[in-house]
Amino acid sequence: MTEGSSTAAAAPTPTRSSSILRRGASLIWEAMRLHPGQFALAIGGSTLYALMAVGGSMALGRVTDEVVTPAFEDGVENWTIAGGVALILGVALARSVGAMFRRYFGMGGSLRMQKTWFMRIVDTYLSVPLDFFGRNQTGTLLAHADADIERAVTALQPVPMSLGVIVLLVAAVGSLAAVDPLLMLIGLALFPTLGWLNRIYARGIEQPAAETQERLGRVSAVAHESFDGALVVKTLGLEQREQARLERDAEALRSARLDVGWMRATFEPALETLPQLGTIVLLAVGSWRVSTGALDIGGLVQAMALFGILVFPTRVLGYMLEELPRAVVSVDRLERVLANPPRPMPADGAGQQLPDGPLGAHLEGVWFGYDPAEPVLSGLDAVIEPGEVVALVGATGSGKSTLCTLLADLHDPAAGTVRVGGVDLTEADPASVRRSVALAFQESFLFVASIRDNLTFGEDVSDKEIAWALDVSRADVFVSHLPGGLNHVVGERGVTLSGGQRQRLALARALLRRPGLLLLDDATSAVDPVIEQQILANLRRGLSTTTLIVAHRLSTIALADRVLFLQGGRIAASGPHTELVATVPAYAALAQAYEEEDAA
Amino acid sequence: MARDFRHDDEFEMRHDAAAELLREYAPPGVYDEEPLPPEPSPDDDEAHMGDLAEAGALKVLRRGLAVTPELKEGLALTVVLAVVTAAGKLALPILIQQVLDRGVRGPDGFRPTFVYGASAATAVAVVLLYLLGRATYLRLVRATEASLLSLRLKAFGHIHRLSVAEHSDQRRGALVARVTSDVETLAQFTEWGAVAWIVDLTIIAGAFGVMGVYDWRLALQTMLLFAPIAIVLPWLQRRQLDAQDEVRTVVGETFSEVSEAITGASIVRAYGLERSRRGRLADVIQRQYKVRMRAAAYSAATLPVADIFGSIGVAGAVATGVYFGPGWGMDFGEVVAFLFLIGLLLNPLGEISEIVDRTQIGIAGWRKILGILATPIDVPEPTEGVELPGGPLSIEASNLHFAYRDGIPVLRDVDLYIEPGTRVAVVGETGSGKTTFAKLLTRLADPTIGSLRVGGVCLQDLSPAGRRRAIRMVPQDGFLFDASVGDNVRLGRMDATDDEIRDAFKVLGLGWWLDDLPLGLTTPVGERGANLSVGERQLVALARAQLGDPGLLVLDEATSAVDPETERALTEALARLAEGRTMVSIAHRLSTAEAADLVLVFENGRVVERGSHDELVELGGAYAKLYESWLGSTRAA
C-alpha cells in the first residue's frame, strides 16, 4: 500500500461514531473559517428565518385573538385589520429574505469551498512526480477531482439551515411555554419523537440504499462489458447468455429497490402523520384549556401552526447528519491525495542553465525503478557525445523508455547522476532543460486544441518554423488536408487522427524546440515504414542535435552512428551495429528476432 | 465537450465518461485506418424515433404504456394513493373548524364529548389512512419495479440485436444509459414524480374544494391571490433549468480539463506547461462557480416566493374574512380553517418546480428507451433458416455491392468463387473495402446489391445458429470477457469439456503457452482481457475459434506490435487453424500473404488482382508494389 494511492471508490457505508461527527464538525469549521463572509450571511439568514417562522405562528395567534375573534363578537376596527395584515405580511417578508440568504449564501460557502478543494487537488496533480500517475488509475483521480469534492462540500449546504433549526426548536419551545406550559409539554414529547423517528429512518435506509447503488453499478458493468464485446456476442451467438446474465443482476437490483421502497412507504408518511396526531392531541387538550380560561384561542392557533412548520426542518437536520459521514470519507480520500509531496525542484531561476548547441549526455551509476524494490536500471553507465545519432536497443521491458524519461528530467534517479550538457539534471533549471531536451513518446498525447496550439503551446513561433517542423516530420501533407489546416481542432467529433498522424505531430512538436538533445522513444512505431525512413533521413540532414532513438526496426538501427545495447539494467555493449552483431551474441539474437518480425 | 450529467449519483457515468475520453488517446499501433462508417451519434436515437422525437410528454406516455402495459396498474394505484393522502391532509383543517365552531364556541359552549370524540375519530381516521396509503404505495412500487425490469431486459435484448454499425465506441456509454440511468430516471418518475403530480393536484383541488364549501367568495379570492404564482414559479423554474443546463456543460468542460492534465501529465512536465494548465483549470472552476451560483439564486427564490404568496393569501383571507365574513354567514372556525387550508397549499406549490424537472428528465429518459426499442434491426434473421453441412465451405460472391447508410459505396462489382479449404489472404490499402468484405462474410451487414453465398447457400437464408456454428470471425481487438481463460475459450462451443479446450490449444501448437500459465485454464484474464498482452489475447481468440470448428473462418488480423515470441506462436497457430477449413484473413503481415493459397487484392472497393503470392509478384501490378514497399521498409539497407 503505497503512500498516496487511492482505494476504490465503492459507495462507503457510513458508520456513525463520535469520531465521524467530530471530523465532520472540523470539516465544517474549516470551511467556515476559510469563507467566513458567506457562512455568516447564510447563518444570519437562517436565524432570521427560524425566528420569523416561529414569529409567523405567533402572528397568527395574535391576529386570531385581536382581529378574527372580535370580528365575530363585537366588531373590529379597520385599523386593527390593517395592522394584522401588515404583521402577517411583514413577518413573511422577513422570513423570505432570511430563507433566501440562507439558501444563496449557503450555496456560496459550499461552492467556494469546492473551488478551494479543486485548486488544492489540481496543484497536487500538477506538481507530483510522474510515478504518481503510474500508481493511480485515471478514473480514480478524476473521481477525486469531481465526485469526492462534491461529496465533501455537499454536506456544507444544509449547515446554515441545521443551525437555524436549533434556533427554531429553542424558539418554538420558548413560545409554547409562554402560551401554555401544558401545551409545551406536548410539544416536548413530540419533537424528540420526530427526531427519533427520523434517525431510525435514516439508519434503516442506509443499507438498502447502498445496496441499490452497488447493484446498479453491477448492472451497469455487465451492460458495459456486454456492449463492449457486442461483436463477439454477435458472432458467437451469445445473446441468450448475456440476457440471462443481465437478468440475474437486474433482479438483484429490483429486490434492493423494493427494500428501499418499503422503508420509504413506511416512514415518509409516518413523518407527516405523527405531527398531525400531535396537532389533534393539541386541539383536544387545548380546547379544554380554552374552556377553563387558561388559554386564548389565539394561543391554541399559534401552537397548532407551530406544529405544522416543524416537520421539514427536523428532516434537514437528519439529512445533514446523513451526508456528514460520506463527506468525511471523501475528505479522507482527498487528504490522502494531497499528502503526496511535490517533486523536489530547484527554485525558478536558481538552477543551472544548459549550454546551447548539440548536447552530450553522461549517465553514471544510475539506478531507477518505478517500484523501488524492482529496479529497471541498475548501476547504468553511458556516454553520448554531442551530435551523435545513437540507437538504443534492448528487449521489451529492458528499460529503454525509462532511460529516455531520465534523460528528459521527468524522473530523478534513485542513485547515480544524469548529466546533460555537463549539468547534473537535479541541479538544472527546469525551464532550461525543457528548452534543450525534447522527448517524443510512443503514445503521442495531443490536447483538445488546434494543431498549432498543440505544436507551439501558445508560444510565439513563426509559421516558417512550424512549416519546417511539419516538413521534417512528414506531417505537412496530411495537415494541409485537414479542414482548417493548422487551426483544425484535434479531438473534437469529426476527423480523428490515426496513430501515425499523432506521432508525426508529436515529433514536430518536439522539433520546434530546436533541442540540443532529441529523444525518440519508439516515436515512429505507428508510422508507415516508408515514411519513417524519410523522417529519419530528414532528421539526420536537417538538425544539429544529439539524437537518441529507441529502435525496433533494423532500418532504423542502421541509420545510427552507434548502438547502445541495454540489457540487465545496464549498457551491456556499445558500438556500431555491425560490430555488435558480430561480437555480442545476445545482441545478434535480438537483431535476428527483429529481422524476422519485420519480415512477418 | 458537453456531457449529459443529469443524475445524482454519477460515479458510474463519470467513470464511463473518463473511459471514453481515454479511448481517444489509445496507444498507436495501427496505420492510417479505413474510412470509418458515419459514426452514429447519441442523437441518432432521435432519428430513429421518428414521430417520437418531437413528441410531447403525453405522446411518450401513451407509447410507453403501450410498450409496458403493466404500468397501467401503477397509474390506477397512484390515483388511489392520491385520494387517500389528500383525505388525510384535509382531515385536520376540517377537524379544527368543527371543533372551534361546534365544540368550543358553539351556542352550548365547551362540549367535551364532541371535542374528544371528533378528535379521537379523526386520529383513528388519520392512522387508517396512513396504513392504507402505505399499502397502496407498496403495491405501486412492486408493480412499477416489475415493469421496469421487463423494460430493462427488452431494451438490452434489442440493443444486442442491432447491427454492429450502431455500436461505436462513442455510442457505448449512451447505450448503457438506456439500460441503467434512463430506467432509473423513469423509475423516479413513476414512483415519485407521477405520484407527486397527482397527489399534489388532488390536495390543491381538495383544499380549494373545502374552502369553497365554507365560502365560495373567499375561496375565489384566495384562488385569485394565488393565481400569479402560476406565472412566477414557472418563470423561475425555467431560468433555473437553463442555468442547470449550463452547469452541466461547464461540469463537462471541467472534467475534460482535469482529464487532460492527468492523461497528459508527462507532456505537461516535459513542456513545462504547469502554469498554463493551472490557469485554465482555475478559469474553468471559476466559471463553474459563477454558473452554479446563478442556478442557486433561482432555486433560493422558489420557496420564499411560494411562502410570500401563501402569506398574501392568509392576510387576504383574514382581512376579507373578518370584514365581510360575518355578513356572508361565515363562522369563526371557518375563517380559522381557511388559514390552515392555505397552509396545505404551500408544500405542493413549492414542490412543483422539482416535480416538473423530474418529470422532464423522466420523460426524456423514457423517450430514449422507446427510441432504442423502435430502432430497426438492419439484419433481420430468417424465420426458417437453412443449416450448413460441416467441413470446409466455399464462398461465392455475385455482383456484390455495399454502401453505408449515407450512400458512400465501399464495395463494388465483386464477383468471385473460392474453393472450400482455401487459405485466402485479403490485402489492400486503407479504404479498399477489405474489412467490409469480411463483415459481409459473417453477415454483420447485408450487401446493398448482389448476393453472397457460403457453402452454396445465400447468407440471408441461413439460420442464425447454423450460421454462427459454420462461420466464425476473429476480430482485430481480441476482446475477452472478465472470466477465466477456459471460460472464454468455451464460448466457442458451450458444451466443450476442459480436456477438449486443452486439445484446442495443443492442436494449434499452443500447449506450451497454456502450461506456462500460473493457473492454467482457470487463469483470470481480467476486464477485457487486461491481464494478458495483446498477442496473448489473440491466442485465446484463436483457440476459441479452433474449438468452434467452423467451416469458414474470417480473421481480421491485429496490427499492433507484438513481441517476437508471441508473433511466432501466432503465425504457427494460424497455419494450423487454417487446416480443414476455408480461412479468409485480412492481412497486415507479409507472411500471411506469402503463406496463403490465394491472395485477393482490393483497391477502391474492387478486387483488382487474384492469384497466389508468387503469381502476383510476377504480374508486377498493385500487389507487387505493395510487396515492394513492405520489403523495403523492413530490411536494413
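Which element gives the most to the lining of the second largest pocket? The answer is α13(A), with five residues. Keep in mind that this is a predicted model.

**The pocket**

The second largest pocket holds about 880 Å³ of space. Its lining has 31 residues. Those closest to the centre come from both chains: Pro430(A), Ala431(A), Arg434(A), Gly272(B) and Glu274(B). Several elements give two or more residues to this lining. Chain A supplies α3 (78–127), α13 (430–436) and α14 (451–456). Chain B supplies α10 (265–270) and α11. By class, the lining has 16 nonpolar, three polar and 12 charged residues.

**The interface**

Now turn to the contact between the chains. Chain B puts in 146 residues, and chain A puts in 150 residues. Together they bury about 13,900 Å². Carbon and sulfur atoms account for 69% of that area.

Charged side chains meet here too. The interface has 10 salt bridges. One of them joins Asp123(A) to Arg278(B), at 2.5 Å from N to O. There are also 28 residue pairs in polar contact between chain B and chain A.

Which helix gives the most to the side of chain B that touches chain A? Helix α11 of chain B does, with 29 residues. This helix covers residues 274–323.

The table sorts the residues on that side of chain B by class.

| Class | Side of chain B that touches chain A |
|---|---|
| Nonpolar | 83 residues |
| Polar | 26 residues |
| Charged | 37 residues |

Helix α11 of chain B thus appears twice: in the pocket lining and in the contact with chain A.

Note on methods
Residues are numbered from 1 along each chain as its sequence is written. Chains are lettered from A and ligands numbered from 1 in the order in which they are written. This is a predicted model: local features need pLDDT of at least 70, side-chain atom pairs count only at pLDDT 80 or more; totals for chains, interfaces and linings use all residues. Side-chain values use heavy atoms; hydrogens and water are left out. Contact means heavy atoms within 4.5 Å. Buried area is the accessible area (1.4 Å probe) that two parts lose on being put together, summed over both. A salt bridge is a side-chain nitrogen of Lys or Arg within 4 Å of a carboxyl oxygen of Asp or Glu. A polar contact is a pair of N or O atoms within 3.5 Å; within protein, one must be able to donate a hydrogen and the other to accept it, and residues adjacent in sequence count only if both atoms are side-chain atoms. Helices (H or I, at least four residues) and strands (E, at least two) are DSSP runs, numbered from the N terminus. Ala, Val, Leu, Ile, Met, Phe, Trp, Tyr, Cys and Pro count as nonpolar, Asp, Glu, Lys and Arg as charged, and the others, Gly among them, as polar. On a 1 Å grid over the protein atoms alone, a cavity is a set of points where a 1.4 Å probe fits but cannot get out, and a pocket is an open set with protein on both sides within 12 Å along at least five of seven lines; lining residues have an atom within 4 Å of a point. Grid points are joined across faces, edges and corners, and a volume is the space filled by probe spheres set on the points.
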